Amino acid sequence: MSAGTVILWRHGQTDYNAEGRLQGQIDIPLNDVGRAQAAVAAEQLALLEPAAIVSSDLSRAVETGRALGELTGLDVTTDERLRERSFGIWEGRTHTEMRAEWPDAFAQWRRGAHPEGIDAESREELGERLVAAVGEIAGRYERSDTVVLVAHGAAIATGITALLGQNPEGWRGIAGLGNCHWSTLQPYGGQPAWRLTGHNVGVPVRDFTSAGRIV
């Protein structure tokens, strides 16, 4: 397999994150905390001398990526396959609202099953598009290169699951990432084709401690 090392970087905080609202594919910008997180995290990622920065086309991810681009001189290109999971009619809702209006679907979701009746993208569908995006983008680079992909909490956790050869619908072995944290995947000659060599890595300041909450 010819591909570079991949850094999957979650975007900085938004107001929806702070309010505990499910963002999905609603285009919510970073808030002031998120911009500060992106600036601090970018200083660390710049040390890796990335060859490219590719972002989800949602603005919170693009703005996060640009913090790194400003330090490295790299342009941020976008790929809609790196978008967050679509959560259908749940997008913009809090867990309390979801539980009250859709108790059965919410219980299914909390058990790890696909919630019925809300038109959400399945984890399998999400995993498939992340596998395709990561493989194609990383395949443009040499093994010595590092590529930063800026994405979202559920997309990254589910994508990693699929990239490690697990079924996203039935395996929950990957925890979520805090805002502006990242994970590292390196190409592997066997099966699965990737190895997870770092997960939920980030600058240890108070605003980065929401690991495990995927909103």
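**Two helices and a hairpin**

Helix H3 (residues 59-72) runs for 14 residues and reaches 20 Å from its first C-alpha to its last, close to the 20 Å expected at 1.5 Å a residue. Keep in mind that this is a predicted model. Below is a quick tour of H3, then helix H6 (residues 123-138), then the pairing of strand S5 (residues 182-187) with S6.

**Helix H3**
- The buried residues of H3 are Arg60, Ala61, Val62, Thr64, Gly65, Ala67, Leu68 and Gly69.
- Covering those buried residues are elements including S1, helix H2 (32-46), S2, strand S3 (76-78) and S4.
- Just past the end of H3, Gly73 takes a positive phi of about 80 degrees.

**Helix H6**
- H6 has 16 residues, so at 1.5 Å a residue it should span 22 Å, and its end C-alpha atoms do sit 22 Å apart, which agrees.
- Buried in H6 are Arg123, Leu126, Gly127, Arg129, Leu130, Ala133, Val134, Ile137 and Ala138.
- On the strand side, the buried residues of H6 pack against S1 (5-10), S2 (52-55), S4 (146-151) and S6 (194-201), among others.
- Helices join in too: the buried residues of H6 also pack against H5 (103-110) and H7 (153-163).

**The S5/S6 hairpin**
- S5 and S6 pair in the antiparallel sense, over five bridges.
- The two strands, S5 and S6, make a hairpin with six residues between them.
- For one facing pair to look up, try Gln186, which stands opposite Arg195 in S6.

Notes: Residues are numbered from 1 along each chain as its sequence is written. This is a predicted model: local features need pLDDT of at least 70, side-chain atom pairs count only at pLDDT 80 or more; totals for chains, interfaces and linings use all residues. Side-chain values use heavy atoms; hydrogens and water are left out. Helices (H or I, at least four residues) and strands (E, at least two) are DSSP runs, numbered from the N terminus. The expected span of a helix is 1.5 Å times one less than its number of residues. Buried means under 20% relative accessible area, exposed over 50%, partly exposed in between (1.4 Å probe, protein chains only). Contact means heavy atoms within 4.5 Å. Two strands pair if DSSP finds at least two bridges between them.
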